[in-house]
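I opened my notebook today to look at one strand and its surroundings. Here is the structure I had on screen.

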Amino acid sequence: MSLNNKVILITGASSGIGEATAIKLATDGAKVVLMARSKDKLEQLKTTITEKGGNALVVPGDVTKAGDFEQAVKHTVEHFGKVNGLINNAGLMPLSYIKKLKTDEWNTMVDVNIKGVLNGVAAILPELIAQKGGDIINVSSMAAHRYFPGGAVYCATKSAVKMFSEGLRQELSPKYGINVTSIEPGAVDTNLTNTITDEDIKDDLKGMLDMTSLNAEDIANAIHYVLSQPERVNINNIYIVPSEQQ
């Protein structure tokens, strides 16, 4: 099914999975709305998409601020006349061992990885309910299924996203035709690990970082697959890991 004229808001669009997804969807006819804190990077991405024949709108914003999300949705509707879906992709992974008590990092993960998703859903849901249809795709993680070194808080946030997605699906899909999907990647070659400040973690993760990881484009392809299904089809979750990852 073509994505022609679907309007999709993507968070964390300035790099990694968000950037790859924006390009993938735009080249298949979707109108993509690019949300992240870095306006300069978003403008660069918009230029890339435009050069490929796509259509993109830049809406800078911080997912931890409900008002930013509300303005992003408002601007989207004003510009394109509608919004069909949301990809909650923004996330942080400053792994650390609990005994280090990096509580500021714990709180930041909760704010971005959980509250950011909640803010997005709250902002877009009235539009999707009114039109009785649409898509919400939340990027969770393999970490929702199992713990890995230093990931107690991160895994907890991604478990929350996975379960929240299932709750959304059960409440919204049968009554309003809103499809909800949890995307659960394993190791992906992005800048996500750049936020790690615990040096002990970097040593313990060396084996994982040395393997052949997924590319951001692999996750973009999975998201495209979800959005290209007929409206009657809900892909509940996609658990996608590198072939080398145990």
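My entries below go from the strand to its partners and then to a cavity.

**Entry 1: the model.** I noted before anything else that this is a predicted model.

**Entry 2: strand E4.** I looked up which way the side chains of E4, residues 85-88, point. Gly85 and Ile87 go one way, while Leu86 and Asn88 go the other. I then checked burial, and all of these residues are buried.

**Entry 3: the partners of E4.** Which strands pair with E4? I found E1 (residues 7-11), which is parallel to E4 and paired with it over three bridges. In that pairing, Ile8 sits opposite Gly85. I also found E5 (residues 134-139), joined to E4 by four bridges and again running parallel. Here Leu86 of E4 has Ile136 of E5 opposite.

**Entry 4: from E4 to E5.** I followed the chain out of E4, and it passes through helix H4, residues 103-130, before reaching E5. I wrote down the hand of this β-α-β crossover as right-handed.

**Entry 5: the cavity.** How many cavities of 30 Å³ or more are there? My search gave one, and the largest cavity has a volume of about 30 Å³. I listed its lining as Thr11, Val63, Asn88, Ala90, Val112, Gly116 and Val117. Asn88, one of the buried residues of E4, is therefore on my list twice over, as it also lines this cavity. H4 supplies the largest share of the lining, with three residues. Sorting the lining by class, I got four nonpolar residues, three polar and no charged ones.

Terms used:
Residues are numbered from 1 along each chain as its sequence is written. This is a predicted model: local features need pLDDT of at least 70, side-chain atom pairs count only at pLDDT 80 or more; totals for chains, interfaces and linings use all residues. Side-chain values use heavy atoms; hydrogens and water are left out. Buried means under 20% relative accessible area, exposed over 50%, partly exposed in between (1.4 Å probe, protein chains only). Helices (H or I, at least four residues) and strands (E, at least two) are DSSP runs, numbered from the N terminus. Two strands pair if DSSP finds at least two bridges between them. A crossover is right-handed if, with the strands pointing away from the viewer, the path from the first strand over the helix to the second runs clockwise. On a 1 Å grid over the protein atoms alone, a cavity is a set of points where a 1.4 Å probe fits but cannot get out, and a pocket is an open set with protein on both sides within 12 Å along at least five of seven lines; lining residues have an atom within 4 Å of a point. Grid points are joined across faces, edges and corners, and a volume is the space filled by probe spheres set on the points. Ala, Val, Leu, Ile, Met, Phe, Trp, Tyr, Cys and Pro count as nonpolar, Asp, Glu, Lys and Arg as charged, and the others, Gly among them, as polar.
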